[in-house]
Amino acid sequence: MRWTPGDRSNIEDMRGRSGGMAMGAGGLGVGGLLLLLVLSWATGIDLTSIVGGGGSSAPPETVGTSGDVKASPEEEKLVDMLDAVMGDAQETWRQLLGGRYQDTKVVLFRDAINSACGFAQAATGPFYCPTDHKVYLDLGFFDEMQRKLGAPGDFAQAYVLAHELGHHVQTLTGVEAQVRQRQSADSGARNALSVRMELQADCFAGVWGYHANKGGTRVQLDPDDADEALNAAAAIGDDRLQRMQSGRIAPERFTHGTSQQRVEWFRRGMSSGDPNACNTFQ
């Protein structure tokens, strides 16, 4: 993937703050499933539903103390790449949604942070907070994605960020509020609705990929980049993660969709470039 560095205007850098112990999470990212699925199987309680069900509306307060960012040149290059992806993806959504789109930022942190949706630790994985309309990410997640899930590559990393930005689009277009309302009215449908919302975010990530492949403003794809994203989508399917952790698959506990579903919906967005092709609720 080729990209052009910018001024990091799409980044809110909180890495200079040391993370302390944090309880709970305001959103459930793809990385958090690894930890929560283990605990769910051990306790017999679907902790993914509990953690994914909301958070505090209190103002954000960062855990730890302020300090200078100490990072390797490789990490700084990664930050520049994420800024380019975020900028390019947001430009795509400005064009697609017009005046309905509102810019946001990705908040980088280390170890733990208290977002507007509540405390979150690095183990939560990347997540989107609908309360403050921001994406939260600990860069260490990408190491875990490569080492533990077998999903390397810069476009795989871009897919993760574009997926979380897809949740921002859902919030702006009212999808997120409608889903939460339906989940409150029918607790038995909570997980099924969560799966549909996550698959739509995968499709929205593919929509951005389509436009980047046509020659984005700050990102241009290489021929094999789509394969990296498809591999990442397959790596974080609920069925694969459950099989990795317990050797068993429990469809009733799915919250993000199977590997096949995630690949299918990302591919649908990537091939069409049309958000209207991403109606997973039909």
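**View A. Helix 3 passes helix 5 in a right-handed crossing.** A crossing is right-handed if the near helix is turned clockwise from the far one by less than a right angle, and left-handed if anticlockwise. The model is predicted, with local features needing pLDDT of at least 70 and side-chain atom pairs counting only at pLDDT 80 or more, while totals for chains, interfaces and linings use all residues. Residues are numbered from 1 along each chain as its sequence is written, and side-chain values use heavy atoms, with hydrogens and water left out. Helices (H or I, at least four residues) and strands (E, at least two) are DSSP runs numbered from the N terminus. The two helices pack at an angle of about 45 degrees, and their axes are 10 Å apart. This angle makes helix 3 oblique to helix 5 (under 35 degrees counts as roughly parallel, over 145 as roughly antiparallel, 65 to 115 as roughly perpendicular and the rest as oblique). Axes are lines fitted to C-alpha atoms, for helices over the stretch in contact, and angles run from 0 to 180 degrees between N-to-C directions.

**View B. Side chains and backbone at the contact of helix 3 with helix 5.** Helix 3 contributes Leu78, Met81, Leu82, Val85, Met86, Ala89, Gln90, Trp93 and Leu97. From helix 5 come Asp154, Gln157, Ala158, Leu161, Leu165 and Val169. Contact means heavy atoms within 4.5 Å. By class, 12 of these residues are nonpolar, two are polar and one is charged (Ala, Val, Leu, Ile, Met, Phe, Trp, Tyr, Cys and Pro count as nonpolar, Asp, Glu, Lys and Arg as charged, and the others, Gly among them, as polar).

**View C. Helix 5 (residues 154-172) against helix 8 (residues 225-235).** The axes come within 7 Å and cross at roughly 55 degrees. The two helices are therefore oblique to each other, and helix 5 passes helix 8 in a right-handed crossing. On helix 5 the contact is made by Asp154, Phe155, Ala156 and Tyr159; on helix 8, by Asp225, Ala226, Glu228, Ala229, Ala232 and Ala233. Seven of the contact residues are nonpolar, none is polar and three are charged.

**View D. Helix 7 against helix 10 (residues 259-272).** The packing angle is about 35 degrees, with the axes 6 Å apart. Helix 7 passes helix 10 in a right-handed crossing. Among the helix 7 residues in contact are Val195, Leu199, Cys203, Val207 and Tyr210; helix 10 offers residues including Arg262, Trp265, Phe266 and Met270. The contact has nine nonpolar, seven polar and three charged residues.

**View E. An aromatic pair of Trp93 and Phe204.** Five aromatic pairs are found in a search of the whole structure. In the pair shown, Trp93 and Phe204 are edge-to-face, at 5.2 Å centre to centre and 70 degrees between the planes. Trp93 lies in helix 3 (residues 73-97) and Phe204 in helix 7 (residues 190-213), so placed that the pair links distant parts of the chain, 111 residues apart. Rings of Phe, Tyr and Trp (its six-membered ring) pair if their centres lie within 6.5 Å; planes under 30 degrees apart count as stacked, over 60 as edge-to-face and the rest as tilted.

**View F. An open, mixed sheet of four strands.** The strand order is 2-3-7-6. Strand 2 (11-13) and strand 6 (127-129) are the edges, each pairing on one side only. From one strand to the next, the twist averages 30 degrees. Two strands pair if DSSP finds at least two bridges between them. Strand 3 (residues 106-108) runs parallel to strand 7, with three bridges; Val106 has Val135 as its bridge partner.

**View G. The hairpin of strand 6 and strand 7.** Strand 6 pairs with strand 7 (residues 134-137) in the antiparallel sense over three bridges. Cys129 is bridged to Lys134, and Phe127 stands opposite Tyr136. Four residues separate the two strands, and His133 in the turn has a positive phi of about 65 degrees.

**View H. The hairpin of strand 4 and strand 5.** Strand 4 (residues 112-115) and strand 5 (residues 118-121) run antiparallel and are joined by four bridges. Two residues lie between these strands. Asn114 stands opposite Phe119.
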